[in-house]
Every structure is written in C-alpha cells, then in structure tokens.
Amino acid sequence: MVQLHVKCGDESQFLLETTCGISMEDLTQQVTRIYNSRLKVQRICSEMEELAEHGVFLPPNMQGLTDEQIEDLKLKDEWADKCLPSGGSVFKKDEIGRRNGHAPNEKMKEVLKKTVEEAKAQISKKQVQANICVNMEMVKDALDQLRGAVMIVYPMGLPPHDPIRMEFEDKEDLSGTHAGLEVIEESEAQLWWAAKELKRTNKLSDFVGKNEKTKIIVKIQKKGQGAPSREPVISNEEQKQMMLYYHRKQEELKKLEENDDDSYLNSEWADSHALKRQFHGVKDIKWGPR
C-alpha cells in the first residue's frame, strides 16, 4: 500500500493508505472528505466542551443579552424546559451569553468530556508520529461516539439552533468564520507532491510509479493558491540537533584555545628521549645523593 502523509501548509494532518492504481479524482475526494470531516469532529468537540460547562445554546435573539435586557424585551427560551440533561442540571452562567447556563451534573459532564477526549485522540495529528493511518471509517466512528454521548446526556435532543445539532445534521453555517476558511470544498481541492500538482485526470501511478511501498508527502489546498512551499531538506528536529552539536563543538574548541597549560611537558609520557635511554640502560638515573 502507498502511504500518503497529508499536510495542509507545513502542518501535518494525517496518514492515509491507498494504492498506486487509484485515480487522482477518487483520491482527491477521499483526502478532502477525511480532511473536512476531521475539522467537523474538532468543531463538535469544542462545542461539546462548552455544552458540558454551560448547557444548550440560547435562541439567536437572546444571545449576548444581559438578564435585564432579556427581561425588558420579554424574551423567553422555549427550549430551556424541553432540552434538559439527564439527572438534572447545575446552573453555571455563561459569561459570553451564548448558552443558557443549565449544565449537566458531574456524572453527565464526565460522559461528554471523556467522549470528547477519545474522539480527539482518534483523529489527532499525533497519529502521524505514531505511524497510524486514518480513514473515513475512523472519522465516522468518532462522530458516532460524539452523537451517542449527546443522546445519553440529552435524550430529548438539542435545540435546532444548537451548533452541535446543526453539525450532526450537516446544516452548520460557517460563513464569515475562521472555521469556514479552513474547510476545502471537494470541487476546489488540489493535491500537490514535489511541487507538482497531482491532476485529477491522471492516476497516482503516473506520478509515483507502481511501487506499492512508496511513501510520499502530499499537500492539500484550494485551487488558485499556487504551488505550496517545498518540504525542507531536514526537519526542524534534525536542525535543532545539528545546531546543538555545532554549539558543543564550538564550546570545546573555545576551552582548548583558552587552556595554555604546558605542565604536561614534564610528564614521563611526554619525554621524547625516554625510549632511547631505556635501550642504553640509563633509565631512572638520578644525580645527587639519595
């Protein structure tokens, strides 16, 4: 199997196994779906952490308002009594004003947080260092775990305007957000390797040959951004080790230059005539009284 190390910019994303015979059209779609789905998991995890702390999302017309403003405008959260966490709630005010403050109890909070940690670990960039490949099934499994945890804690479901529910239903609106800039549409995605665009009309073997044991670094980006920067000849870690080695050598040379002690010349091992005297039998002769 060919192993792809997928990057976006200079940042590692995930490892993917494929075959030389796959079309670049299918491979580009596969890489893009995994890339975007991992972003979805990360967004859901971030919102679920807030859900565990401050409860469900307020209606859009109540978000960011103070209690006094809500009272003056006579606004009411119709979903507050419908979307209650299992085992009751604990009030913890959301200072940002996005959530209603009716958080799950400690037991249910732990369910959400533990599931979030497991999902994050499953699609983590650290999987690259561990040489673990990620596929779409793994990402879907992470999404299913998150969905199951939410159903356990909120059996009545979440409000339709809650971003977690919208993410699960693929109705999220990311326009005007930083998260929206990270998403790459399948039709706009391009894969690059060795400063060459892997065009969708070709097969992967047209670029890397037919050796199924090949390992390459590919970069995903949007169309029109030009060729991505080339990979450095040595990694940052290797560069650090080299700099450390040269620094140590310089320190050693500096100490040698500063050390002008020549007392070692009086040592026996430094006597260039010691062997000659030994042959003549005049070694260890001392002049003067003993």
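## Close-up views of salt bridges and a buried strand

**Figure 1. Lysine 171 meets glutamate 169 in a salt bridge.** In this view, the closest N and O atoms of the two residues lie 3.5 Å apart. The model is a predicted one, so please read every close-up here with that in mind. How accessible are the two partners, lysine 171 and glutamate 169? Lysine 171 counts as exposed because its relative accessibility is 55%, and exposed means over 50%. Glutamate 169 has a relative accessibility of 35%, so this residue counts as partly exposed.

**Figure 2. Lysine 125 and glutamate 11 form a salt bridge.** Here the closest N and O atoms are 2.3 Å apart. The pair links distant parts of the chain, with the two positions 114 residues apart in numbering. Lysine 125 sits in the loop between α3 (106-122) and α4 (126-129), while glutamate 11 belongs to strand β2 (residues 11-18). With a relative accessible area of 30%, lysine 125 is partly exposed; glutamate 11 is also partly exposed, at 44%.

**Figure 3. A salt bridge joins the side chains of lysine 109 and glutamate 53.** The N to O distance is 3.9 Å. Once again, distant parts of the chain are linked: lysine 109 is in helix α3 and glutamate 53 is in helix α1 (residues 24-54), 56 residues apart. Are these two residues buried or exposed? Both lysine 109 and glutamate 53 are buried.

**Figure 4. Five residues are linked in a network of salt bridges.** Look for Lys40, Arg43, Glu167, Asp170 and Glu172, which make up this network. For the wider picture, the structure holds 22 salt bridges.

**Figure 5. Strand β5 (residues 189-193) is largely enclosed by the rest of the structure.** Why is it described this way? Of its 5 residues, 4 are buried, so the strand is largely enclosed. On one pairing, β5 runs antiparallel to strand β7 (residues 215-222), and 4 bridges join them. Within that pairing, tryptophan 192 stands opposite lysine 219 of β7.

**Figure 6. Strands β5 and β6 form a hairpin.** Strand β6 covers residues 196-197, and 2 bridges connect this strand to β5 in the antiparallel sense. Tryptophan 192 appears here too: its bridge partner in β6 is glutamate 197. The hairpin has 2 residues between its strands. In the turn, alanine 194 has a positive phi of about 50°.

Terms used. Residues numbered from 1 in each chain as written. Predicted model: local features only at pLDDT ≥ 70, side-chain atom pairs only at ≥ 80, totals over all residues. Heavy atoms only, no water. Salt bridge = Lys/Arg side-chain N within 4 Å of Asp/Glu carboxyl O. Buried < 20%, exposed > 50% of the residue type's maximum accessible area, 1.4 Å probe, protein only. Pairing = 2+ DSSP bridges.
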